Amino acid sequence: MNKIIEVDGIVTRFGTRTIHDGVNLHINKNEIYAILGESGSGKSVLMKELIMLLEPTAGEVSILGKKLNHISFKDAQSIRSDWGVLFQFGALFSSMTISENIAVQLKEYTNISKKMIDRLVLSKLALVGLDSHVGNLYPSQISGGMVKRAGLARALAMEPKLLFLDEPTSGLDPIGARNFDALILELRDLLGITVVMITHDLESIFGMVDRMAILADKRVVAEGSLAEVLQSTHPFVEEFFKNDYTKDRFRDKVI
Amino acid sequence: MFIDYLRIFRDVVSVEVVGYSSKQRDMYELLVDTNHHIVLPYKENFVEKIGENTVDIYTQIVDFIRFIGEMFYAIFHTILHPREMRLKEMVYHIHQSGFNALLIVGLTAFLVGMVIAYQGAVQLAKFGADIFIVDTVAISMTRELGPMITAIVIAGRSGSAYTAEIGAMKITEEISAMRTMGFDPFSFLVLPRLFALMIALPLLIFFADIMGIIGGAFASYMELGISPTMFIDRLYEVLEVKHYLLGMLKGPIFAFVIATIGCYRGFGVSDNTESLGLQTTSSVVNGIFLVIAFDALFSVIFTELGV
């Protein structure tokens with residue numbers, strides 16, 4: 001097994017509130033991995049711990065073979081250039097145009113000529129299905145769906161090995177959401193990247209996710225492929241996957 | 001309320017409610033149902049609130065010291081690697097908080113200079129010491145009021161802008177995005193603002209000094225009939241360079257205070273718009289207070305030193 005991310009016994013506490021109490025999971029190379037759970041189950045916190053925005057109270061995360069506890073500044077910077085992150089609301093820099101947003105890391109970290117950067121930006125825009133003229137607009141001037149696409153283009157700017165997506169399809173219309181899923185699948189196959197995402201979207205879960213972890217009761221209550229997760233009898237899994245709607249909608253997949 | 005009364009009455013006598021529609025009955029049942037489960041939220045008492053606020057203040061102080069530490073780390077890092085300085089942003093902020101503030105700073109200083117001259121004129125005229133108005137205006141303006149007025153205007157103008165800008169970036173997760181890309185928010189956001197203000201504020205103070213003295217000269221001419229030529233002659237005699245230099249020395253220090261508070265409050269914004277408003281308010285209040293406090297400190301130090 002080629003594990004890209006390993007999470008070992010994560011405990012997170014904010015004051016007296018315990019968010020995670022021993023979370024374990026691993027993510028293999030080249031798979032699309034989803035983190036699921038009710039609101040308040042600590043999905044976003046877990047994601048923040050993976051992308052080094054928060055430090056867990058106890059436990060260890062390793063990414064690309066490097067342990068994040070006591071990581072050196074140099075190693076941390078090298079990991080950061082190996083991943084792309086798409087935030088839930090895009091988090092594009094509002095003082096820059098879309099093109100500048102996509103180019104910012106290339107400008108800071110590489111010696112690529114300006115002309116080449118411009119061409120790279122255009123190719124990223126095309127890759128996520130945005131018109132080239134969108135590049136000259138500011139984030140406040142484009143729609144929510146376009147912000148997500150632009151955010152994805154920025155996350156892909158450094159040719160990452162790993163892609164983190166925080167609710168990529170939330171706030172998109174159903175058609176836009178399916179297109180986004182197709183895009184991510186295509187990118188995975190084209191570029192061979194590993195995708196980690198938080199999602200509630202049943203269509204995405206049934207349609208594109210390879211493996212997933214269910215967060216409930218402060219732990220991972222089920223992990224694995226859809227079929228494996230469906231074996232679980234945990235109340236959240238029962239409620240989320242085995243309700244009338246999913247039974248009706250995805251009859252072939254849910255027993 | 002009706003339900004509460006009903007309950008009280010029922011304890012004593014039997015009550016029958018008549019003449020209600022089916023909608024009203026449903027509503028009544030819903031209310032009785034929910035009223036049953038209501039547990040009033042626990043209200044803290046006075047002592048608990050004092051304790052909580054004390055802990056709050058303590059954590060804020062620790063937080064602030066940590067912020068200052070990180071900032072100095074970034075400052076030294078920039079001094080050792082001057083090529084990593086964000087020149088473009090710095091120039092932008094010099095333009096924003098320096099050049100664009102010229103009008104308001106100049107006008108304020110002019111008016112303050114005028115007010116001092118008018119007020120002083122009345123007193124000095126009693127002794128026939130009209131010409132001393134020049135000393136009053138020139139020394140108070142360059143040494144004390146010029147720097148302080150400028151700093152207060154800038155604390156209200158740029159300090160609040162820094163907090164709001166950084167705070168909004170915090171809410172939209174732009175700062176988190178920067179971190180995941182390996183961009184240090186201190187060298188990208190804090191230092192350009194800090195350096196820009198430390199350059200811009202002394203320049204603004206210089207401008208304020210001049211405008212204040214012009215305001216004073218104007219008022220002296222109107223009230224005491226001291227001609228501008230006489231004013232400048234006298235100015236040349238009484239305004240020692242040290243007064244001007246002492247005032248200018250305060251510039252970078254006030255700038256440091258304002259920018260630090262402004263940025264610190266910006267990073268203190270949590271994920272809601274209410275805290276953005278609160279932090280911007282305290283940024284301005286803290287900024288102005290600290291400027292005045294530092295000014296008082298300087299007054300004491302300079303007087304004790306005899307300069």
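This tour moves through a predicted model, from the contact between two chains to a strand residue and then to a helix.

**The contact between the chains**

Begin by displaying chain A and chain B together. The contact draws 12 residues from chain A and 9 residues from chain B. On the side of chain A that touches chain B, 7 residues are nonpolar, 4 are polar and 1 is charged.

**A glycine in a strand**

Next, select Gly9(A), which lies in strand E1 (residues 3-14) of chain A. Is Gly9(A) buried, exposed or partly exposed? Gly9(A) is partly exposed, because 13 other C-beta atoms lie within 10 Å, while a buried residue would need 20 or more. Add Gly22(A) to the selection: the two glycines are 13 residues apart in sequence, yet their C-alpha atoms are 4.1 Å apart in space. Leaving aside residues up to four places away in sequence, Gly9(A) touches Gly22(A), Asn24(A), Ala58(A) and Gly59(A).

**Helix H4 and its two faces**

Now select helix H4 (residues 114-127) of chain A, which has 14 residues. From first C-alpha to last, H4(A) reaches 20 Å, close to the 20 Å expected at 1.5 Å a residue.

Which residues of H4(A) are buried? They are Val121(A), Lys124(A) and Leu125(A). Turn the view to look down the axis of H4(A): the buried residues fall within an arc of 100°, so they line one face of the helix. Show helix H3 (98-109) and helix H5 (144-155) of chain A as well, since both are included in what covers these buried residues.

On the face turned away from the buried side, select the exposed residues Lys115(A), Met116(A), Arg119(A) and Ala126(A). Finish at Gly129(A), just after H4(A), where phi is positive, at about 80°.

How values were computed: Residues numbered from 1 in each chain as written. Chains lettered and ligands numbered in written order. Predicted model: local features only at pLDDT ≥ 70, side-chain atom pairs only at ≥ 80, totals over all residues. Contact = placed C-beta atoms within 7 Å. Nonpolar A, V, L, I, M, F, W, Y, C, P; charged D, E, K, R; others polar. Helix = DSSP H or I, 4+ residues; strand = E, 2+ residues; numbered from the N terminus. Buried ≥ 20, exposed ≤ 12 C-beta atoms within 10 Å, placed from the backbone. Expected span 1.5 Å × (residues − 1). Arc of directions from axis to C-beta.
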